[in-house]
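Here is a short briefing on helices, cores and ring contacts. Keep the structure open while reading.

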Amino acid sequence: MSKTILITGASSGIGRATAKLFAEKGWNVAATMRSPEEEKELKELPNLRLYTLDVTKKEHLKKILPEVEKDFSSIDVLFNNAGYGAVGAFEKSSEEQVLHQFQVNVFGVMDLTREFIPYFKKRGEGMIINTSSVVGRFTIPLYSLYCSSKWALEGFTEALQFELKQFNIKVKMIEPAAIKTDFHGRSLKVFENDAVKGYNKMEKNILSGMRKRNEKAPGPEVVAKTVFKAATDGSQKLRYPTGKGAGAVLFARKILPTSWFNKLVFKQQSR
Ligand SMILES: NC(=O)c1ccc[n+]([C@@H]2O[C@H](COP(=O)([O-])OP(=O)(O)OC[C@H]3O[C@@H](n4cnc5c(N)ncnc54)[C@H](OP(=O)(O)O)[C@@H]3O)[C@@H](O)[C@H]2O)c1
């Protein structure tokens with residue numbers, strides 16, 4: 001019998017590429033998104049169904065598991081992928097922007113995971129794959145909120161792995177480097193606050209540099225392949241760095257003193 005994966009944020013980028021790859025490999029795919037009525041291409045795939053899910057909405061989070069189970073009879077993998085970047089100088093951010101960043105990137109993941117744990121326990125198996133980032137393990141200027149949301153996700157995922165191993169529930173995370181998606185377009189929410197001064201030069205250099213590098217980055221299919229590997233390799237491996245230079249930068253992070261590593265990051269980001 002075909003296995004089933006539920007994907008959040010399947011409308012674009014990594015989520016969309018993952019939905020297509022798993023469907024191609026013969027999996028059932030529950031492709032969840034905020035506006036499924038706008039989706040044309042994915043719904044043509046035979047073993048894929050679209051569902052409405054905004055990860056900030058409790059009523060959606062409560063309904064989604066029974067809805068998908070009814071259609072596909074079981075769910076094997078939960079892929080928490082939805083996310084966006086709230087970026088800019090922290091001084092410019094509002095409390096609302098901080099909360100929303102964590103609601104989508106962290107609390108949405110926690111809430112959906114909480115729905116799935118009893119279900120996977122009852123089935124005697126299951127897998128949760130969270131989408132972190134290479135910046136879940138280091139930081140970059142102007143990304144303090146985004147980085148801290150991914151650092152939170154790293155801590156959550158790592159600790160959860162200990163708790164759920166006894167129930168045969170595998171917990172993993174994907175750590176992409178720069179990937180060419182909508183992330184640096186519509187998913188990048190830059191703080192605007194003209195009353196706060198002093199960051200113009202930094203914002204101009206770093207944000208435009210980021211966008212340029214992103215244009216040259218590999219597409220989301222690279223990450224989809226890594227998600228497929230994580231879902232099928234049978235291992236207990238926790239972290240899957242993916243994308244150009246992901247392994248190298250995380251290795252440098254491991255072996256270099258933080259001050260050296262951060263000097264290199266700042267130099268590279270300011271280019
Ligand atoms: N691209 C990169 O360089 C990169 C690197 C490391 C990690 N990541 C991570 O990869 C994940 C996917 O990003 P991406 O690069 O594929 O960007 P993307 O193409 O912009 O996709 C982001 C997805 O998240 C969804 N989303 C945002 N808020 C949501 C909410 N409240 N509820 C449900 N879905 C929501 C978006 O849905 P809508 O279509 O409704 O807006 C969209 O499907 C994110 O977690 C991101 O942090 C990306």
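The expected span of a helix is 1.5 Å times one less than its number of residues. The model discussed here is predicted. Two helices are put to that length test below, followed by the cores and the aromatic contacts.

**Helix H2**
- H2 covers residues 58-72, which is 15 residues, so its expected span is 21 Å. The C-alpha atoms at its ends lie 22 Å apart, in agreement with that value.
- The helix has a kink of about 35° at Ile 64. The proline Pro 66 follows shortly after the kink.
- His 60, Leu 61, Ile 64, Leu 65, Val 68 and Phe 72 are the buried residues of H2.
- These buried residues pack against three strands, S1 (4-7), S2 (28-33) and S3 (48-52), and against helix H3 (95-123).
- Just after H2 comes Ser 73, with a positive phi of about 70°.
- At Phe 72, the charged end of Arg 49 sits over the ring, 5.9 Å from the ring centre.

**Helix H1**
- H1 runs over residues 13-24. Its twelve residues should span 16 Å, and the end C-alpha atoms are 17 Å apart, which agrees.
- Ten of the twelve residues are buried, so H1 is largely enclosed by the rest of the structure.
- The buried set includes glycines Gly 13 and Gly 15, and also Arg 16 and Thr 18. Ile 14, Leu 21 and Phe 22 are among the other buried residues.
- The cover over these residues includes strands S1, S2, S3, S4 (77-80) and S7, together with helix H6 (221-232).
- Gly 26 follows H1 and has a positive phi, near 90°.

**Nonpolar cores**
- The largest nonpolar core has 33 residues. Leu 6, Val 68, Leu 112 and Phe 116 touch the most other members.
- H2, H3, helix H4 (144-165) and strand S7 (169-176) each supply at least two residues of this core. H3 gives the most, with nine residues.
- What does Leu 112 contact, leaving aside its neighbours within four places in sequence? Its partners are Leu 6, Thr 8, Leu 53, Leu 61, Ile 64, Leu 78 and Asn 80.
- Another core, of 28 residues, lies apart from this one. Its members include Ile 5, Ile 14, Ala 23 and Ala 230.

**Aromatic pairs and charges over rings**
- The structure holds ten aromatic pairs.
- One of them is Phe 116 with Phe 120, a tilted pair with 5.4 Å between centres and 55° between planes.
- Why can these two rings meet within one helix? Phe 116 and Phe 120 are four residues apart in H3, so about one helical turn separates them. An α-helix has 3.6 residues a turn, so residues three or four places apart point the same way. Both Phe 116 and Phe 120 are buried.
- Phe 138 and Phe 261 form an edge-to-face pair, 5.2 Å centre to centre and 70° between the planes.
- Phe 138 lies in the loop between strand S6 (126-131) and H4, and Phe 261 in helix H8 (residues 258-269), so the pair ties together parts 123 residues apart in sequence.
- The cut-off for buried is under 20% relative accessible area. Phe 138, at 6%, is therefore buried. Phe 261, at 3%, counts as buried too.
- Phe 22, Trp 27 and Phe 228 are linked into a cluster by ring pairs.
- Lys 121 places its charged end over the ring of Phe 167, 4.6 Å from the ring centre.

Conventions. Residues numbered from 1 in each chain as written. Predicted model: local features only at pLDDT ≥ 70, side-chain atom pairs only at ≥ 80, totals over all residues. Heavy atoms only, no water. Bend = angle between axes of the 7 residues up to and from the residue. Buried < 20%, exposed > 50% of the residue type's maximum accessible area, 1.4 Å probe, protein only. Contact = heavy atoms within 4.5 Å. Core = buried A, V, L, I, M, F, W, Y, C linked by side-chain atoms within 4.5 Å. Phe/Tyr/Trp six-rings, centres within 6.5 Å; stacked < 30°, edge-to-face > 60°. Lys NZ or Arg CZ within 6 Å of the ring centre and 35° of its normal.
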